[in-house]
Amino acid sequence: MLKAHTRILIADDDVDERNFVYYALLHYGYKVEAAVDGEEAVEKARAFKPDLVILDVLMPRKTGLEAANEIRGDLRFRGVPVIFLTGLKNDHDVAGDGPNAILAKPLEVTQLIGVMDRLLSSSTQG
């Protein structure tokens, strides 16, 4: 899948973190849509139809886990990879059924791109 055709949804209530990821992904050639919280992420997923979703864990209105569960509850998005971003110290605090990967904040863009590439290539093969 060409990056220019790959749609990524990012949701983070921290404007600086959201903008950092948004513009980094644009720079790498992805189509990107941003949401300010979990509720908006669910709404935008339905309209934007992302190939991959990146969610902050702790957000207002819906957490990342709640948003991931609702997005994945829609059959159209069942196989869409989800990456959680978190400042929490323990991965088990956010594990559950939600993420395909968990990345710690502060985020390193090259690490994010590597995880995204791996998840996107495995989701297109399945």
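A salt bridge here is a side-chain nitrogen of Lys or Arg within 4 Å of a carboxyl oxygen of Asp or Glu, and in this predicted model Glu-39, Arg-46, Lys-62 and Glu-70 are linked in a network of such bridges. The chain carries four helices and five strands, which follow one another from the N terminus in the order β-α-β-α-β-α-β-β-α. Buried residues make up 46% of the 126 residues, and the points below take up the overall architecture, one helix, the charged pairs, and a few backbone and ring details.

**Overall architecture**

- Among the contacts in the chain with a separation of 6 or more, 61% are accounted for by residues 24 or more positions apart.
- The chain exposes about 6500 Å², and carbon and sulfur atoms supply 51% of that area.

**Helix α3 and its cover**

- In helix α3, which spans residues 64-73, the buried residues are Gly-64, Ala-67, Ala-68, Ile-71 and Arg-72.
- These residues lie on the same side of α3, because they cover an arc of only 125° around the axis.
- An α-helix has 3.6 residues a turn, so residues three or four places apart point the same way.
- The cover over the buried residues of α3 includes helix α2 (38-48) together with strands β3 (52-56) and β4 (82-86).

**Salt bridges**

- The count of salt bridges in the model comes to ten, and three of them are described in the points that follow.
- Asp-37 and Arg-61 meet through their side chains in a salt bridge with an N to O distance of 2.8 Å; this pair links distant parts of the chain, with Asp-37 in the loop between β2 (31-35) and α2, and Arg-61 in the loop between β3 and α3, 24 residues apart.
- The two partners of that bridge fall into separate accessibility classes, since Asp-37 is buried with a relative accessible area of 7%, while Arg-61 counts as exposed at 59% relative accessibility.
- Asp-56 and Lys-105 likewise meet in a salt bridge, at 3.1 Å from N to O, and this pair also links distant parts of the chain, Asp-56 being in strand β3 and Lys-105 in the loop between β5 (101-104) and α4 (109-125), 49 residues apart.
- Asp-56 counts as buried at 6% relative accessibility, whereas Lys-105 counts as partly exposed at 23%.
- Lys-62 and Glu-70 are joined by a salt bridge of 3.2 Å, N to O, and both residues belong to the network that also takes in Glu-39 and Arg-46.
- Within this pair, Lys-62 counts as buried at 15% relative accessibility, and Glu-70 counts as partly exposed at 30%.

**Surroundings of Lys-105**

- Leaving aside residues up to four places away in sequence, Lys-105 touches Asp-12, Glu-17, Asp-56, Leu-85, Thr-86 and Gly-87.
- The side chain of Lys-105 makes a polar contact with the side chain of Asp-12 at 2.9 Å, and another with the side chain of Asp-56 at 3.1 Å.
- Although Lys-105 and Asp-56 are 49 residues apart along the chain, their C-alpha atoms are separated by 9.5 Å.
- The peptide bond from Lys-105 to Pro-106 is cis, with omega near 0°, and Pro-106 has its place in the loop between β5 and α4, where Lys-105 lies too.

**Residues with positive phi**

- Lys-49, in the loop between α2 and β3, has a phi near 55°, which is a positive value in a residue other than glycine; Lys-49 counts as partly exposed at 40% relative accessibility.
- Arg-61, the partner of Asp-37 in the salt bridge described above, also has a positive phi, of about 65°, although it is not a glycine.

**Aromatic pair**

- The model contains one aromatic pair by the rule applied, formed by Tyr-22 and Tyr-23 in an edge-to-face arrangement, with 5.0 Å from centre to centre and 85° between the planes.
- That pair is called edge-to-face because the angle between its planes is over 60 degrees.
- Tyr-22 is partly exposed, with a relative accessible area of 21%; the class follows because buried means under 20% and exposed means over 50%.

Conventions:
Residues are numbered from 1 along each chain as its sequence is written. This is a predicted model: local features need pLDDT of at least 70, side-chain atom pairs count only at pLDDT 80 or more; totals for chains, interfaces and linings use all residues. Side-chain values use heavy atoms; hydrogens and water are left out. Buried means under 20% relative accessible area, exposed over 50%, partly exposed in between (1.4 Å probe, protein chains only). Helices (H or I, at least four residues) and strands (E, at least two) are DSSP runs, numbered from the N terminus. The arc is that of the directions from the helix axis to the C-beta atoms. Contact means heavy atoms within 4.5 Å. Rings of Phe, Tyr and Trp (its six-membered ring) pair if their centres lie within 6.5 Å; planes under 30 degrees apart count as stacked, over 60 as edge-to-face and the rest as tilted. Accessible areas come from the Shrake-Rupley method with a 1.4 Å probe; for residues, only the protein chains shown count as cover. A polar contact is a pair of N or O atoms within 3.5 Å; within protein, one must be able to donate a hydrogen and the other to accept it, and residues adjacent in sequence count only if both atoms are side-chain atoms.
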